[in-house]
Amino acid sequence: MLQLPESSFCQRTLASVEEAYERCRAITAEYSKTFYLGTILMPPPKRRAIWAIYVWCRRTDELVDGPAASLTTNETLDQWEERLEKIFAGHPDDDFDVALVDTIEQFSLDIQPFRDMIEGQRMDLYRSRYETFEELELYCYRVAGTVGLMSTAVMGLDQRLQSAPWDDPAAKTPIDEAIALGIANQLTNILRDVGEDARRGRIYLPMEDLVRFDYTEDDLIKGVVDERWKALMQFQIERARKFYTLAEQGISALSEDARLPVWSALMLYSQILDVIERNGYDNFEQRAYVSGRKKMLSLPIAWLRAKVL
Ligand SMILES: CC(C)=CCC/C(C)=C/CC/C(C)=C/CC/C(C)=C/[C@@H]1[C@@H](COP(=O)(O)OP(=O)(O)O)[C@]1(C)CC/C=C(\C)CC/C=C(\C)CCC=C(C)C
Ligand SMILES: [Mn+2]
């Protein structure tokens with residue numbers, strides 16, 4: 001299990017910046033094969049910054065989704081937010097924070113997406129249903145769109161977009177596209193994990209969509225796969241694909257060395273949707289899984305897209 005915050009009373013020597021990044025690398029490699037693969041395609045300063053961000057995001061998510069989640073309250077998240085403020089003020093509490101403090105300095109990160117992610121995790125504490133897609137979209141922005149903003153700040157922009165001294169990089173940053181990729185990933189995650197989430201009492205599919213396809217909450221809890229469910233799933237898949245398409249349009253604005261990692265992460269994640277279709281939309285009994293071989297086969301196509309598009 002990923003180590004969660006230690007008591008702040010326990011004083012000990014912190015790791016060096018190098019050691020701290022190495023710990024973040026190991027956690028990223030252990031927890032996410034997809035994102036780790038994306039990061040090893042980046043130049044070292046960017047890749048280690050993404051590892052530091054990954055670990056902070058993973059720990060934030062674990063607070064409400066991990067094995068000790070039942071102990072998490074609003075106050076726990078308040079404390080996590082206070083700790084975030086300390087990190088941004090340059091005061092790390094543990095080794096993982098050491099790496100993030102360095103990343104914040106190197107890449108002038110903005111604190112707001114980090115705060116927004118904590119707000120998203122707060123939603124998981126008190127909400128288990130979403131009436132409309134608009135409500136779900138806000139959740140997806142907070143827990144995943146924010147990752148797009150954090151990562152884009154590290155990856156940087158294409159040189160051609162900032163060639164003149166009066167150019168304002170902020171005005172050219174593909175913000176909507178970066179958020180769109182986070183939302184697309186999160187919607188994909190929701191479709192892949194729909195059965196597992198329902199067993200934990202959480203339904204992320206908007207209630208308005210269930211009604212539209214005449215499918216009930218009870219059907220979902222029982223895992224009924226019929227024509228209504230298939231049509232509902234196809235609708236959700238199309239929606240997620242629209243977000244992937246928007247995201248694709250922003251990749252060429254990123255610095256050249258970030259395009260391949262982002263294309264590969266996008267392709268690997270969006271293939272989960274193809275697998276759901278191939279599994280006959282039975283995401284209750286079969287976990288949609290993209291094999292290592294398929295992932296490797298996607299890399300040359302991602303490379304070509306990064307070069308040409
Ligand atoms: C390649 C690259 C730069 C990746 C970023 C890596 C990173 C920092 C990931 C953090 C992920 C994380 C732990 C978020 C916490 C909340 C959460 C769990 C969100 C879900 C992620 C995946 O979850 P999970 O671990 O369950 O998935 P697997 O078991 O590994 O399948 C999310 C689905 C959200 C992920 C969102 C992103 C990675 C955002 C992607 C957007 C960009 C990199 C912006 C690209 C820019 C443009 C212009 C398109
Ligand atoms: Mn989660």
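User: Which element gives the largest share of the shell around ligand 1?
Analyst: In this predicted model, local features need pLDDT of at least 70 and side-chain atom pairs pLDDT 80 or more, while totals for chains, interfaces and linings use all residues. Residues are numbered from 1 along each chain as its sequence is written, and chains are lettered from A and ligands numbered from 1 in written order. The largest share of the shell, 7 residues, belongs to one helix (a DSSP run of H or I, at least four residues, numbered from the N terminus). That helix is α9.

User: How many residues surround ligand 1?
Analyst: The closest residues to ligand 1 are Gly 38, Cys 57, Ala 144, Gly 148 and Gly 250. Two or more residues each are given to the shell by α2, α3, α7 (133-155), α9 (175-192) and α14 (256-278). Counting residues whose C-beta atom, placed from the backbone, lies within 6 Å, the number that surround ligand 1 is 32.

User: How many residues of the shell around ligand 1 are charged?
Analyst: With Asp, Glu, Lys and Arg counted as charged, Ala, Val, Leu, Ile, Met, Phe, Trp, Tyr, Cys and Pro as nonpolar, and the others, Gly among them, as polar, the shell has 17 nonpolar and 12 polar residues. The number of charged residues in the shell is 3.

User: Where does ligand 1 lie with respect to the domains?
Analyst: The protein is divided, by an automatic or database assignment, into domain 1 (16-115) and domain 2 (127-157 + 170-309). Their centres, taken over C-alpha atoms, are separated by 22 Å. Because both domains give residues to the shell around ligand 1, the ligand lies between domain 1 and domain 2.

User: Which elements give two or more residues to the side of domain 1 that touches domain 2?
Analyst: The contact (C-beta atoms, placed from the backbone, within 7 Å) takes 17 residues from domain 1 and 17 residues from domain 2. On the side of domain 1 that touches domain 2, the residues divide into 12 nonpolar, 3 polar and 2 charged. The elements giving two or more residues to that side are α2 (33-40) and α3 (44-65).

User: At roughly what angle do the axes of α9 and α14 cross?
Analyst: The contact involves residues including Leu 181, Asn 185 and Arg 192 of α9, together with Leu 266, Tyr 269 and Ile 276, among others, of α14. The residues of this contact divide into 7 nonpolar, 3 polar and 1 charged. The axes, lines fitted to C-alpha atoms over the stretch in contact, with angles running from 0 to 180 degrees between N-to-C directions, come within 10 Å and cross at roughly 35 degrees.

Note on methods. Two residues are in contact if their C-beta atoms, placed from the backbone, lie within 7 Å.
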